[in-house]
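Subject: The two-chain model for you to look at

Hello,

As promised, here is the structure we talked about. Please open it next to this message and follow along as you read.

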Amino acid sequence: MTLPATTTGAIAAIVTMALVTYLTRAGGVFVMSRVPIGPKVERFINAMAGSVLVAVITPMAIQGDWGARLALLVTLAVMLATQKALGAITAGVVAAALWRLW
Amino acid sequence: MTPSPPGAQLDLAGTLSGIRRMAPLSLFVVVFGLAFGVAALSRGLSGLETMLMSALVFAGASQFAALELWGPEIPLLPLIAITFAINARHLLMGAAIQPWLAYLPPAQRYGSVVLMSDSNWAMAVADRQRGETNLGMLVGGGIALWVTWLAGTLLGVIFGSGIEEPERFGLDVIMGCFLLAMLIGGRRDLSMLLPWAAAALTAVAAMAWLPPHSHVIVGALAGGLAGLLFPAKQTRKPSP
């Protein structure tokens with residue numbers, strides 16, 4: 001099932017995202033007041049949170065050009081070294097720009 | 001954990017103090033919002049759609065990831081799955097403060113989590129552990145973050161609409177770099193390497209053999225299941 005990227009379709013997609021996101025914000029409070037969330041569910045959610053990002057990033061590295069790959073590598077390196085997200089993202093973007101300039 | 005005092009209130013004074021305390025931190029959010037605005041325009045969203053997404057969804061990583069699905073058609077099921085999987089941590093955050101919120105009437109209880117995100121939640125939890133009963137940090141901090149996220153997005157929309165070829169300046173990679181930075185910054189725990197490897201491998205396999213965009217769902221589920229293979233975390237053991 002897909003939505004067309006017309007204004008109506010895009011707004012429907014955004015409203016859907018907003019509803020799903022509110023469901024996650026309120027859902028934990030709602031569920032916890034009835035059944036406690038166990039350690040297994042917690043481990044599944046913690047592992048899934050990072051994994052979905054990995055699943056989104058991996059194709060970018062595989063299908064992207066060398067500028068995109070370099071950007072990801074530089075972001076990774078700066079992030080591991082400094083833990084500063086803004087600096088790491090900026091370094092990645094600058095790396096891609098310089099690579100394509102050259 | 002230190003025992004928390006019973007009771008909870010939500011009032012204007014506490015909310016205003018929450019806004020004030022979050023203000024310095026939320027200035028950083030402007031820059032992330034700017035990056036999102038630029039990235040969204042480069043993926044073909046209109047300025048209005050970009051602002052609407054920041055205002056209604058208000059969850060950076062899922063907004064960036066959703067851009068990856070944007071095209072002439074928007075696949076609905078992957079969009080729902082990606083939004084849920086990235087924001088599923090809210091479930092744990094909400095569950096953690098549920099005993100506190102339970103003192104409030106239902107409208108306030110479910111209203112005060114509308115703008116719950118990582119930093120205002122963390123500061124509110126710290127307040128609670130110090131003995132504070134006022135929830136103003138959660139609500140006020142959320143308001144401060146929401147306003148600056150919108151302001152940043154608006155700046156990004158204004159700035160981004162003046163750029164003809166975003167790829168030339170490397171602006172198309174903002175999305176990937178942002179998500180990677182969130183991934184590395186969120187958890188520095190080697191036990192996550194197995195779930196992440198499972199997610200990467202299954203995502204690549206799904207891209208080759210399964211319908212378009214299903215790799216996100218497959219990777220998220222595979223990673224979650226791989227996470228179950230580990231025994232409970234060491235830190236959860238009761239201290240001697």
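Below is what turned up, starting with the contact between the chains and then moving to the helices.

One thing to keep in mind from the start: this is a predicted model.

**Where the chains meet**

The contact between the two chains draws on 87 residues from chain B and 68 residues from chain A. On the chain B side, the largest share comes from helix H9 (residues 174-186), which supplies 12 residues. Sorted by class, the residues of chain B that touch chain A are 62 nonpolar, 16 polar and 9 charged.

Strands take part in joining the chains too. Strand E1 of chain A (residues 2-4) and strand E1 of chain B (residues 73-75) run antiparallel and are joined by 3 bridges. If you want a place to find this pairing on screen, look for Pro4(A), which stands opposite Glu73(B) in E1(B).

There is also a helix pair that spans the two chains. Helix H2 of chain A (residues 39-63) and helix H5 of chain B (residues 89-101) cross at roughly 140 degrees, and their axes come within 9 Å. Because angles over 115 and up to 145 degrees fall outside the parallel, antiparallel and perpendicular ranges, H2(A) is oblique to H5(B). In this contact, Glu42(A), Ile45(A) and Ala49(A) of H2(A) meet Arg89(B), Leu91(B) and Leu92(B) of H5(B). The class count here is 4 nonpolar, no polar and 2 charged residues.

**Helix H1 of chain B and its partners**

Within chain B, helix H1 (residues 12-42) is worth a visit, with two packing partners to look at.

Take helix H3 (residues 60-67) to begin with: its axis and that of H1(B) come within 10 Å and cross at roughly 15 degrees. That angle makes H1(B) roughly parallel to H3(B), and the crossing is left-handed. From H1(B), the contact uses Phe32(B), Phe36(B), Ala39(B) and Ala40(B), while H3(B) brings Gly60(B), Gln63(B), Phe64(B) and Leu67(B). By class that gives 6 nonpolar, 2 polar and no charged residues.

The other partner is H9(B), the helix already mentioned for its share in the contact with chain A. H1(B) and H9(B) pack with their axes 9 Å apart, at an angle of about 140 degrees, which makes H1(B) oblique to H9(B). Here Ala35(B), Val38(B) and Ala39(B) of H1(B) meet Ile174(B), Met175(B) and Phe178(B) of H9(B). The contact has 6 nonpolar residues, with no polar and no charged ones.

**What the UniProt record adds**

For chain A, an unreviewed UniProt entry gives "transmembrane region" for residues 6-23, 44-64 and 70-99. In the model, residues 44-64 of chain A are 95% helix and 0% strand, with end C-alpha atoms 30 Å apart. Residues 70-99 of chain A are 93% helix and 0% strand, and their end C-alpha atoms are 8 Å apart.

For chain B, the unreviewed entry lists residues 25-45, 138-163, 169-186, 193-210 and 216-232 under the same heading, "transmembrane region". Residues 25-45 of chain B are 86% helix and 0% strand, and 28 Å separates the end C-alpha atoms. For residues 138-163 of chain B, the values are 88% helix and 0% strand, with 37 Å between the end C-alpha atoms.

Enjoy exploring, and best wishes!

Terms used: Residues numbered from 1 in each chain as written. Chains lettered and ligands numbered in written order. Predicted model: local features only at pLDDT ≥ 70, side-chain atom pairs only at ≥ 80, totals over all residues. Axes fitted to C-alpha atoms, helices over the stretch in contact; angles between N-to-C directions. Helix = DSSP H or I, 4+ residues; strand = E, 2+ residues; numbered from the N terminus. Parallel < 35°, antiparallel > 145°, perpendicular 65-115°, else oblique. Left-handed = near helix turned anticlockwise from the far one by under 90°. Contact = placed C-beta atoms within 7 Å. Nonpolar A, V, L, I, M, F, W, Y, C, P; charged D, E, K, R; others polar. Pairing = 2+ DSSP bridges. UniProt positions renumbered as here; feature names shortened; annotations may be inferred.
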